[in-house]
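Reader: Please take one part of this model and describe it closely, with its surroundings. I would like the cut-offs for the terms as they come up.

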Amino acid sequence: MRHFLVRGLIATAAATVGLFVAGATAQASAAGPENDPVANAAGGTVTIQVTKLTHAQATARLRAAGITWSSSGGCSDRNNSTCTSFEQVNLTTIQGGETLKRASGCALNITGGTETGHASGTYSHWNGYKLDFSKATCLTNYIHNNFTSIGGGKWQSGAGNIYFDESNHWDVTFYNCGGC
């Protein structure tokens with residue numbers, strides 16, 4: 001009951017003020033929550049839909065933010081593990097990189113995006129939640145001085161994003177944009 005009451009309030013607020021979430025305007029739906037463009041209820045869970053970017057859209061944003069990227073294969077094919085691709089990356093992941101650049105003031109180079117070859121999982125590279133950053137003293141110092149160590153080489157930002165020291169790079173899971 002509470003779930004539908006809250007959804008009703010959200011749908012009403014969205015219809016009233018034109019709430020914009022994850023790239024889709026939430027609207028009340030007479031057909032029920034299954035047609036809600038923002039979230040739908042299935043089997044008792046809520047699935048939040050995220051905005052996906054093309055490789056060109058992501059690289060335009062990264063370039064504008066002064067963030068570089070590289071790959072061992074010198075390519076951007078998502079289906080080639082030696083490439084660095086941003087095809088189907090989450091908008092909030094790219095925004096998280098932009099936030100990290102602004103907050104840290106460090107030069108950032110991305111060496112891993114949504115290309116194949118990374119570990120699977122819900123919050124994976126393939127699903128658009130992770131970026132790998134080259135290891136650099138400036139970035140490492142920023143992470144160590146501003147985030148909380150949660151053990152196992154992992155650090156958590158105040159926004160909840162996870163920075164994992166994988167010895168030769170930082171593997172970052174962006175659950176959100178980090179305060180964009």
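Author: The part chosen is helix 4, which lies across strand 9, strand 11, strand 12 (162-165) and strand 13, running at about 50 degrees to strand 13. Contact here means heavy atoms within 4.5 Å. Axes are lines fitted to C-alpha atoms, for helices over the stretch in contact, and angles run from 0 to 180 degrees between N-to-C directions. Helices (H or I, at least four residues) and strands (E, at least two) are DSSP runs, numbered from the N terminus.

The model is predicted: local features need pLDDT of at least 70, side-chain atom pairs count only at pLDDT 80 or more, and totals for chains, interfaces and linings use all residues. Residues are numbered from 1 along each chain as its sequence is written, and side-chain values use heavy atoms, with hydrogens and water left out.

The protein chain as a whole has four helices and 13 strands. The strands under helix 4 need some context. Seven strands form an open sheet of mixed pairing, in the order 6-8-9-13-12-11-10. Strand 6 (68-69) and strand 10 (148-151) each have a single partner strand and stand at the edges, so one side of each is left without a neighbour in the sheet. Two strands count as paired if DSSP finds at least two bridges between them.

From the strand 10 edge inward, the pairings are as follows. Strand 10 and strand 11 (residues 154-156) run antiparallel and are joined by three bridges; S149 has W155 of strand 11 as its bridge partner. Strand 11 also pairs with strand 12 in the antiparallel sense, over three bridges, and here K154 is matched with F164 of strand 12. The hairpin of strand 11 and strand 12 has five residues between the strands, and G160 takes a positive phi near 100 degrees in it. Strand 12 and strand 13 run antiparallel with four bridges between them, one bridge pair being Y163 and V172 of strand 13. Their hairpin has three residues between the strands, with S167 at a positive phi near 65 degrees.

Helix 4 also packs against helix 3, at an angle of about 90 degrees and with the axes 11 Å apart. Helix 3 is therefore roughly perpendicular to helix 4, a label that covers 65 to 115 degrees; angles under 35 degrees count as roughly parallel, over 145 as roughly antiparallel and the rest as oblique. L100, A103 and S104 of helix 3 meet C138, L139 and Y142 of helix 4 in this contact.

Another residue of helix 3 is E98. E98 counts as buried because its relative accessibility is 10%; buried means under 20% relative accessible area, exposed over 50% and partly exposed in between (1.4 Å probe, protein chains only). Leaving aside neighbours within four places in sequence, E98 is in contact with R61, A65 and I67. The C-alpha atoms of E98 and L62 are separated by 7.2 Å, although the two residues are 36 apart along the chain.

That leaves the core. A nonpolar core is a set of buried Ala, Val, Leu, Ile, Met, Phe, Trp, Tyr and Cys residues joined through side-chain atoms within 4.5 Å. The largest one has 22 residues, of which F133, Y163 and W170 touch the most other members. At least two residues each come from helix 2 (55-65), helix 3 (91-104), strand 9 (130-134), helix 4 (137-146) and strand 13 (169-173). Helix 4 gives the most to this core, with three residues.
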